[in-house]
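Here's a quick tour of a protein chain for someone just getting started. Have the sequence and the 3D view open, and hop between them as you read.

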Amino acid sequence: MDQPRAAAEAAVEPDSEPAGAAASDDGAARQAAAIDALARAIEALGAPLSPAPAVRGAPPALRVPERGRPLAEAAAELAREVLPRAARSDHPRFFAFIPSPASAASRLGDALTAAFNPQAGAWRQAEGPAAIEAALIRWMANAAGFPESAGGLFMGGGSAANLTAVVAARDAKLHPEKRMDGTVYVSAETHSSVLRALAVAGFLPGQIRRVALDEAFRMDADDLARLVEADLAAGRRPFLVVATAGTTNVGAVDPLDRIAAVCARRGLWLHVDGAFGASALLSPARRALLKGVEFADSLSWDAHKWLFQTYGCGALIVRDQRRLEQAFRVETDYLRDGDLPGAAPNFWDLGLETSRPARALKLWLTLQTMGSEAAGAAVEHGFRLAEWAEDEIRRTPGWRLVTPASMAIVTFRMDDVACSAEQADALTLEAGRRLERSGFAFVGATRVEGRAALRICALHPDATEQDMRETVRRLAAEARASQRELAR
């Protein structure tokens, strides 16, 4: 059995099961067994040995038994058959997608939150967690340069935040009877979750305008202005622009200040999807990249990306919190018990969820132990990691930089003159697959301007310059090996 799988299985086998814990109603014994299993698992697993899954393929058929069984037995099966069959996005050399290098404090905060299980919908039900959530929203609003009227809430992630922002913008800017006249402005680099959000909010494809991109894959503010004016002249109702601070594909940051000027001139709502890139606001050396975000009406920000949290820790911050209440508050008799006299609005009146976990607690614990300065330095480190990778790519014969390092992302491809474009694309993708199978690093694949490319997104505070350079060198070696095999 491989080491990670064996360690995980051994970790959840306690020295002895509390007598009758599987069959009795002894809650204390069951809780003790659970805590023991969790502590052993964390201690034994430690840092992941590889970013790739320890075990490949789907797990064998797992059934729900009619009668219960011992906790240690069920936990061992989970550790043996399920958890090893997942990539380790917390590994320093996991560079695919947008990684989630969760801190130890976040993991502990998640466990503590789950153990206490507060219902964070209303202040009366969880005044302590609500106060922390409100304080962190204020801290994030300050980082973005939002006014005192700002507010917001935590939610599952950027997809939920983008949907919440779309609904708030719709209700603030469009009369219900005029919604079909509304037009929205996005670009080809806008995240897919925004398109889903627009569909859920009732908008049709014909109401969505695709703004042109400039040479750096940023939304073209001049083309945006032309499209808005054309729609106004045609009797339509432009109401929402979705700009991006750190696109998923290439890390581009739209010119937020120029887009904000277009929005201000015509009274459009500006939403900035900063799910990935908003954390750059914490880096004194990089926050200027988001110049203009202070004029946005709303900002999505995922702490489970570049603020080192476990998954399920996103936030939406709005310029005027009353806009969320206007969109989501529903008067019901059975929710009145949740009101606390003199308290801020309940979080269930600001978004889609009534029952909601206290997602902010793990971020609070992380920031209490890390401090905002160290958090900003860790974000800055991600920028440098991608810049080291870019430097190595430029030094590597037969490879071409596709997009330079931006917001910790860099894209590149094989560009051997002896290969056709199709062959080079195939070798590029195969190099990434071979490197993943080797267990050294997990690099993403994408398409840029119609061609295959490899994509590195480097966020892990423990990744090093050597990790970046060696990853590029090994990719080049894997491509050469694949090329030799094809030539045989």
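What follows is a short briefing on domains, a pocket, salt bridges and two single residues.

Keep in mind that this is a predicted model. The chain splits into two domains, domain 1 (108-331 + 342-370) and domain 2 (374-487). Start with how these two sit together, then zoom in.

**The two domains**

- Notice that domain 1 is written as two stretches, 108-331 and 342-370, while domain 2 is written as 374-487.
- Measure from C-alpha centre to C-alpha centre, and domain 1 and domain 2 turn out to be 31 Å apart.
- The two domains do touch: 25 residues of domain 1 are in contact with 24 residues of domain 2.

**The second largest pocket**

- Rolling a probe the size of a water molecule over the atoms shows where empty space is left.
- The second largest pocket has a volume of about 450 Å³.
- Its lining is made up of 27 residues, and the ones closest to the centre are Ile98, His191, Thr248, Asn249 and Lys305.
- Three elements each give two or more residues to this lining: α6 (158-173), α10 (303-306) and β11 (442-448).
- What mix of residues lines the second largest pocket? There are 15 polar, 7 nonpolar and 5 charged ones.
- Both domains chip in here, as domain 1 and domain 2 each supply at least three residues to the lining of the second largest pocket.

**Salt bridges**

- Side chains of opposite charge can pair when their charged atoms come close.
- The count of salt bridges comes to 42.
- One of them pairs Asp333 with Arg336, with 3.5 Å between the closest N and O atoms. Are these two buried or exposed? Asp333 and Arg336 are both exposed.
- Another joins Asp415 to Arg400, where the closest N and O atoms are 3.9 Å apart. This pair links distant parts of the chain, 15 residues apart: Asp415 is in the loop between β10 (409-414) and α14 (421-438), and Arg400 is in strand β9 (residues 399-406).
- Asp415 counts as partly exposed because its relative accessibility is 39%. Arg400, with a relative accessible area of 35%, is partly exposed too.
- Arg451 and Asp425 also form a salt bridge, and their closest N and O atoms are 2.8 Å apart. Arg451 belongs to strand β12 (residues 451-457) and Asp425 to helix α14, so this pair ties together parts that are 26 residues apart in sequence.
- Arg451 is partly exposed at 22% relative accessible area, whereas Asp425 counts as buried at 11%.
- There's a network as well: salt bridges with shared partners join Asp391, Glu392, Arg395, Glu465, Arg469, Glu470, Arg473 and Arg474.

**Two residues to click on**

- Asp223 is part of helix α8 (residues 221-233). Why does Asp223 count as buried? Its relative accessibility is 14%, and buried means under 20%.
- Setting aside neighbours within four places in sequence, Asp223 is in contact with Arg210, Val211 and Ala212.
- Ser103 sits in the loop between β1 (94-95) and α4 (104-116), and it counts as buried because its relative accessibility is 18%.
- Look for His460 as well: Ser103 and His460 are 357 residues apart along the chain, yet their C-alpha atoms are separated by 9.8 Å.
- Beyond its neighbours within four places in sequence, Ser103 is in contact with Phe308, Gln309 and Thr366.

Notes
Residues are numbered from 1 along each chain as its sequence is written. This is a predicted model: local features need pLDDT of at least 70, side-chain atom pairs count only at pLDDT 80 or more; totals for chains, interfaces and linings use all residues. Side-chain values use heavy atoms; hydrogens and water are left out. On a 1 Å grid over the protein atoms alone, a cavity is a set of points where a 1.4 Å probe fits but cannot get out, and a pocket is an open set with protein on both sides within 12 Å along at least five of seven lines; lining residues have an atom within 4 Å of a point. Grid points are joined across faces, edges and corners, and a volume is the space filled by probe spheres set on the points. Helices (H or I, at least four residues) and strands (E, at least two) are DSSP runs, numbered from the N terminus. Ala, Val, Leu, Ile, Met, Phe, Trp, Tyr, Cys and Pro count as nonpolar, Asp, Glu, Lys and Arg as charged, and the others, Gly among them, as polar. Domain bounds come from an automatic or database domain assignment. A salt bridge is a side-chain nitrogen of Lys or Arg within 4 Å of a carboxyl oxygen of Asp or Glu. Buried means under 20% relative accessible area, exposed over 50%, partly exposed in between (1.4 Å probe, protein chains only). Contact means heavy atoms within 4.5 Å.
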